[in-house]
Amino acid sequence: MKDNKGNLDLQSTDQTVVKKKVRRRIKKKVEKKSVFTGMKERSSKFREESANWMDGMETQNKQEESHSVMDKIRAFTPLQWAASFMAIVVFITSITSTVVYANYQSEQKVEAAFAELANYENFVASQVEATPVSPELMEMPELIEQETKQAELKHISLVLSSVEKDLKIKVVDQEDSLVTGVKWKVKVTDPKGKDQELTDDDADGVIYAEDMAAGDYSVALVSDPSLTEYQFPQTAMTVAVKAKIEYKVIQDIKDLIKKESQVNVAAEDTGGKQAADVETGSALKDTVEWVESTKTVNGSKEGYVEAPKTSVDLKRLGLSASAKKIKKLVASALDAVKLSAQTGLAPQTVLLYPTGVSAMSETTSGNGIESISISGTDTLSPGGTGSLTATVNPSDAESSVTWYSSDTQAIVIDNNMGKTISIRALDVTTEKSVTITASIVDKSANFTVRVVPVQTDVQVSSVSIGGNNKISLNGPGTTLTATVAPAEAKNYTIEWSNNGSSNVSIEGSGTSVTVKPISVGEAWITAKAGGKESSPFLISVTSETLFALSPTSTTINVQGKTQLVATGVPAGASVSFASNNTSIVSVAQDGTITGVSAGNAQVVAKCSNGAQATCDVKVTATANDGAQLYDKNGNELFVREGTSPNFTYRKATYADYKNTAITVFYIKGQVEEFLYTGWQTIEGLTYFFKKDHTKVTGEQIIGGVKYNFASDGSLTKGSGTLGIDVSKYQPSINWASVKASGISYVIIRCGYRGSSTGVLIEDPYFRSHVKGAKAAG
């Protein structure tokens, strides 16, 4: 309804609203009180008995009242029951009528309200038609449309940062994600006002500049009219390029770390995928099924088998004596340490005075040994040899005997280990008494050996000459040797003479000389020493070509080689060669001789016509670097070269033996072949074999980790130690297989800084990854 002013009166209505008041009578419950209520209790026997009596009376009254009501109901007549039923029906009907009437009244009010609302709408419409529309209101739809288009554009902005004399510029959208695929351009103004334009050439959304001077820079994104889908920032940004890295200490950093359950992960962890190559943004799915590592024998083939360096036969190189010497020195040093511990003296003192030190050691029982005694050679001349034997009581006691010489300048022990040893006297000018000590556990015995020097007045008693007495004019000549007796004679010089003959010449001096032909004829050769002259030795020089060897004497090293040439061989005749000691010198049928071990030997050449010629050979103990190596069983030794699986093998030489970088040799033999599964390290390279025993190649994911294998199946390790980078993007990792694959270290992401809020967030798999990596070692 409208009032007299034309206003809508929402309180008036043409319809009469009937309101009915409903009154309810509430029957108050009569509270029964005891007649004693409010009275003070007195601790008298009469009162207690009275209270008990009153309680009993009240209980009895209630029981009687309850029995009375029930008795009355049971006593109802059929007419009373019918009257009661009718009363209940009337009561229910009245309640239902009341509810229906109330609903009717509510519907009437709603209809009246809608009618008033229609009248109000008509009034508003008439008012709008009478009011003129302003120009601003007419432009409102266009403004709304423009704002809508602006809202649909992608708003971009710059994120600037500097660590040390550098500038990092990132182009990001509203969600702080990098905007890629566009070669953005920015204008950078330095502190001096000089402009520089930088371009995102790789279109990755990041522009990086280095070697910048410290100071405040202005950076603006250059607008591009062709990029209509982007809303460019209208103003430039400023950034301070730092002169050096700034470090800040954050107290109680643990309190700032949050769990991923406490943040919006999608908004915060936006840079994790670029943190490492293995972070793919989702759990890596295995491309190859992980299988347990197994190795099963599957036959054998011809190949190369490892042989330790100790298997080299040094005797072939003439080095066995040196090996024994080393063994002797090592044994002496070990025994010196033992005695040093017993006596408290320094080991070097024990080595210098072993006899006296042995006497100082306490006599205690050990290993059941009761005593030790020495017997053997007690006198030697310079250069002479002898032997000593230690007798241990009881004889079945198991322990090694160690020997010492009190004067190693007079007597040396060739091998100081064992119950029987050899001793050798050196050159001395005066008589020496040397104490030889045999030690076993804590027992020792001494034995004195005298070294008696040769008398200096021993004179030469005779001189003799030996050698070939016939040489060819066209031949190389022959070697003559003088022998002086007795052998103990000293202080003499041998003088050779051809007694004026012009048919031969003598070259050299000392015990052996070479007689060379000059002309056909004869010559008498003599040798004089210590006032004694030999009988003349006749040399005949002939024009005939005589069968001979050239050279007639030579010196070579162990494993050294030289060629002997037979001369004067008649037409149609053949020559054969032989060594009188093949353990020292070997000879091939072409005349090539090879040193086997140190010593002297003779090579004999026989002509098929019966003629013979010889060559005296001396083999020295010095092996040449090119000497071939053999093991103690006579097998050739080889050196392995190259890399797996393309190894090559060549014959080993003495130079390889001296090379400390080579620790093992190889011999030809049968090698086992195997079937593999899982991770295997073979010849220093790592492979992964599938169930069918084939190698995997290329890029593969095994146990949740990405690997790269070469075309031959070997794991690509790069140029350093191999490691992996893991985070929540590798939730399931078989750490045992990672260890077996040759991985040496792992970088585990502990967390990240949120892209949206900047809060520190713990990687949900950090703790489990650390636990698994530690367990795998």
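This briefing walks through the architecture, cores, main pocket and a few individual residues of the structure above. The model is predicted. Its chain has 777 residues, of which 31% are buried, and the fold holds ten helices and 47 strands. Among contacts with a separation of 6 or more, 59% join residues 24 or more positions apart.

**The nonpolar cores**

- The largest nonpolar core is built from 31 residues. Those with the most contacts inside this core are Val585, Ile593, Val603, Val617, Leu637 and Phe665.
- Five strands each give two or more residues to this core: β30 (553–558), β34 (585–587), β36 (599–607), β37 (612–623) and β40.
- Where does this core lie with respect to domain 2 and domain 5? Domain 2 (294–319 + 626–709) and domain 5 (548–620) both contribute residues, so the core sits between them.
- Ile593 is a good residue to click on here. Setting aside residues up to four places away in sequence, Ile593 touches Thr554, Ile556, Gly560, Lys561, Thr562, Leu564, Val585, Ser586, Val587, Val603 and Val617.
- A second core, separate from this one, has 24 residues, including Ala390, Val401, Val428 and Ala438.
- As general background, nonpolar side chains tend to be buried together in soluble globular proteins.

**The largest pocket**

- The largest pocket encloses about 810 Å³ of space.
- Its lining is made of 22 residues. Lys301, Val671, Glu672, Ile682 and Glu683 lie nearest the centre of the pocket.
- Which strands supply at least two residues each to the lining? They are β11 (294–308), β40 (664–682) and β41 (685–689).
- Of the contributors, β40 gives the most, with seven residues. Strand β40 also appears among the elements that give two or more residues to the largest nonpolar core.
- Sorted by class, the lining has twelve nonpolar, eight charged and two polar residues.

**Buried residues worth a look**

- Leu158 belongs to strand β2 (residues 157–161). Its relative accessibility is 7%, so Leu158 counts as buried.
- Beyond its neighbours up to four places away in sequence, Leu158 touches Ile169, Lys170, Val171, Val219, Ala220, Leu221 and Met237.
- Leu158 and Phe232 are 74 residues apart along the chain, yet their C-alpha atoms are separated by 9.8 Å.
- Ala529 is part of strand β26 (residues 521–529). Is Ala529 buried or exposed? Ala529 is buried, because its relative accessible area is 1%, and buried means under 20%.
- Leaving out neighbours within four places in sequence, Ala529 is in contact with Val460, Val463, Val484, Tyr492, Thr493 and Ile494.
- The C-alpha atoms of Ala529 and Ala485 are 9.8 Å apart, with their positions 44 residues apart along the chain.
- Thr542 is found in strand β28 (residues 537–542). With a relative accessible area of 14%, Thr542 is buried.
- Apart from neighbours within four places in sequence, the contacts of Thr542 are Lys470, Ile471, Ser472, Leu473 and Val520.

**Backbone details in the loops**

- Ala485 and Pro486 are joined by a cis peptide bond, with omega of about -5°. Pro486 is in the loop between β22 (478–485) and β23 (495–497).
- A cis peptide bond also links Ser550 and Pro551, where omega is about 0°. Pro551 is in the loop between β29 (548–550) and β30.
- Asp176 has a phi near 60°, a positive value in a residue other than glycine. Asp176 is located in the loop between β3 (167–172) and β4 (185–189), and its relative accessibility of 38% makes it partly exposed.
- Asn499, likewise a residue other than glycine, has a positive phi near 55°. Asn499 lies in the loop between β23 and β24 (504–507) and is partly exposed, with a relative accessible area of 45%.

Note on methods
Residues numbered from 1 in each chain as written. Predicted model: local features only at pLDDT ≥ 70, side-chain atom pairs only at ≥ 80, totals over all residues. Heavy atoms only, no water. 1 Å grid on protein atoms, 1.4 Å probe; cavity = no way out; pocket = protein on both sides within 12 Å on 5 of 7 lines; lining within 4 Å. Points joined across faces, edges and corners; volume = space filled by probe spheres on them. Helix = DSSP H or I, 4+ residues; strand = E, 2+ residues; numbered from the N terminus. Nonpolar A, V, L, I, M, F, W, Y, C, P; charged D, E, K, R; others polar. Core = buried A, V, L, I, M, F, W, Y, C linked by side-chain atoms within 4.5 Å. Buried < 20%, exposed > 50% of the residue type's maximum accessible area, 1.4 Å probe, protein only. Domains from an automatic or database assignment. Contact = heavy atoms within 4.5 Å.
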